[in-house]
Amino acid sequence: MANLVEIKEHKDRARITPIEVFPDPKTALVLTYQHTGAPNKPVVSVGDSVDVGQKIADAKERVSAPVHSPISGKVIKIGDIYNSCYAECSEAIWIENDGKNTKDKALTPISEAELKDISIDELLLRIREAGIIGLGGAGFPTSIKLSVPKGTTIKTLIVNAAEGEPFDTADERLMIEKTANLVRGVRVLRKILGNPKVIVATKTSKVEAAPKLQEAFGQEPDTEVVVKHLTYQQGDASVLQKAILNYETPPGKRSYEMGTIVQNVATINAIANAVFEGEPLISRVTTLNGDVSEPKNLLVKIGTPVKDILTQYKVDTNDIRQVVVGGVMMGNSIQTIDAPVTKRTSSILVFSKSKYKPEEPQTACIHCSKCISSCPVRLHPIMIYNAIMKGDIEKAEKLWVKDCIACGTCSYVCPSRLPLSGIICASRH
C-alpha cells in the first residue's frame, strides 16, 4: 500500500475569489492541437472571416476533437507557436478581433425537457462537435471516453470534484457558482451511460463547495455526495476510484471495463454548455495564483495570450522566474508568456525571482526508497528512471512505466532532487 503524501495547498485566497469574466483578446492564438489523439488541420485560411464558435480546425480520425474560434474577426496568420499541452511548438491560428461578437449557429441548443427524446448518438455527436476534451488535465476527447463498447454496463459515474493540484481553485469555484449546470451535465452523462449510480466525490477542505453540491444533488435519484479527506494524488481518476469504490483497475484495462466512468467537474460543465446552450468549448475557468498580489479565477477565452492576463493584473513581467500552466505538480513551465491559454489551462501560476529561495543542488540517489513508498500506483520510480537514463526502454516498460499517472510525487519527495517524474513522463511521448 502506497503512503499517499500530503502536499500543502495554497488556495486560501483563490478559493474564496468569485469567477471574473476576462476581456476578449484583441488577437486570439488558437492552437489546432490541444487534445490527446490525432492532430487537427486548419479548415480556414488566412484572410477568412470567422464567427464566435465557428469550427476552425478538425481531423478525420475518430480520436480527435475540433477547435473553434473564441472571437469573431479575421484569420491573419497560421503558423507555429509554443504549445503548453505538449511543451513544444505546434500549429496555431491567429485571429484578429473585429469587436462584433458575431456568433456561429452550427450548434443548436436543446431544452432540458427535450433531453429524454434525444438519442445517445446525437448527444455524443454534439459533445464531439463542441470540441470537448477532459479538462482535468488528460485532454482525451470526451465523446470517445463516453462511447463505451456495446455490452458494457456502466454501474457507477464518479464526478471528480477533488481538484488536487495545490494552487488550483477553478473547479472549486465552478462547484460553488455553477452547481445547477453541473447537475444538468450529469443528467446528460446518465442518459449516455445508461443511468448509472452517481457518486460526487469532493474534499472536506472545500468548505463552501461541499454543501452546495450536497444541496444541488440531494434531490437527484440514485446519487450520493461523498465528502472526505482526499490527498492530492487522489484527484487522479484511477486513484480516486480506489478511494471511493475500494477497487483498482488491473494493469492493461480501462475503468469502463470495471463498470466505472470518472468525469471532472469542468468537463461536465462544458458538456452542459454544449448541449443546453449550444456553446462549443471556446472558454474555460482558470486560476491565476502563485506570486501574485491578488489570486483570481477567470473565465477566459481559449487562445488568449498569457501575457494579456499578466498585464491586466499588473504582474511585473521583469520579475518572473517561471510561469507554470496546468498545475504546479502536473503542468508545464511555459517558454514564453506569449503562449496562449488552451483547453487544458486549469491554472496560470506565477513564480517570481524576488521571492525565489535557492534549491539544494541535485545529488546522486541515496537509496532512501521514498519515491517507491510514496508512488500512488506502486511503481518503482528510481528503477524506471535509471533504466531510461541508460537507454533501456524495454526494461522501463517491464517496470510498468506506462502505468505512471504523472502525478510528480516521486520528484516531490526525492531528497536528491532527481527529476524522476519529468524524465519518466518525457520517455512516454
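How much area does the protein chain expose, and what percentage of it do carbon and sulfur atoms supply? The exposed area is about 19500 Å², and carbon and sulfur atoms supply 50% of that area. The model is predicted. It contains 13 helices and 17 strands in the protein chain. The radius of gyration is 21 Å, close to the 22 Å that the globule rule gives for 429 residues, so the chain is as compact as a globular protein of that length.

**Overall form and charge**

- The C-alpha trace of the protein chain spans about 60 × 50 × 45 Å along its principal axes.
- Of the 429 residues in the protein chain, 54% are buried.
- Among contacts with a separation of 6 or more, 73% join residues 24 or more positions apart.
- The protein chain carries 53 positive and 49 negative side chains, and the centres of these two sets are 2 Å apart.

**Nonpolar cores**

- In soluble globular proteins, nonpolar side chains tend to be buried together.
- The largest nonpolar core here has 47 residues. Ile132, Leu146, Val188, Ile192, Val200, Leu213 and Phe217 have the most contacts inside this core.
- Two or more residues of this core come from each of helix H1 (120-129), strand S9 (156-161), helix H3 (170-177), helix H4 (179-193), strand S10 (197-203), helix H5 (209-217) and helix H7 (265-277).
- H7 gives the largest share of the core, nine residues.
- Another core, of 19 residues, lies apart from this one; its members include Val306, Val325, Val341 and Val350.
- Valine 200, one of the residues with the most contacts inside the largest core, touches Val159, Ala161, Leu213, Phe217, Glu224, Val225 and Val226, leaving aside neighbours within four places in sequence.

**Helix H10 and its surroundings**

- Helix H10 covers residues 381-389, and its buried residues are Pro381, Ile382, Ile384, Tyr385, Ala387 and Ile388.
- These buried residues pack against helix H9 (370-374), helix H11 (393-398), helix H12 (409-413) and helix H13 (420-427).
- Glycine 391 follows H10 and has a positive phi, near 80°.

**Proline 211**

- Proline 211 lies in helix H5, one of the elements that give two or more residues to the largest core.
- Proline 211 has a relative accessibility of 39%, so this residue counts as partly exposed, a class that runs between the 20% limit for buried and the 50% limit for exposed.
- Proline 211 and leucine 299 are 88 residues apart along the chain, and their C-alpha atoms are separated by 23 Å.

Key: Residues are numbered from 1 along each chain as its sequence is written. This is a predicted model: local features need pLDDT of at least 70, side-chain atom pairs count only at pLDDT 80 or more; totals for chains, interfaces and linings use all residues. Side-chain values use heavy atoms; hydrogens and water are left out. Helices (H or I, at least four residues) and strands (E, at least two) are DSSP runs, numbered from the N terminus. The radius of gyration is taken over C-alpha atoms; the globule rule is 2.2 Å times the number of residues to the power 0.38. Buried means under 20% relative accessible area, exposed over 50%, partly exposed in between (1.4 Å probe, protein chains only). Contact means heavy atoms within 4.5 Å. Accessible areas come from the Shrake-Rupley method with a 1.4 Å probe; for residues, only the protein chains shown count as cover. Lys and Arg count as positive and Asp and Glu as negative; His and the chain ends are not counted. The place of a charge is taken as NZ of Lys, CZ of Arg, CG of Asp or CD of Glu. A nonpolar core is a set of buried Ala, Val, Leu, Ile, Met, Phe, Trp, Tyr and Cys residues joined through side-chain atoms within 4.5 Å.
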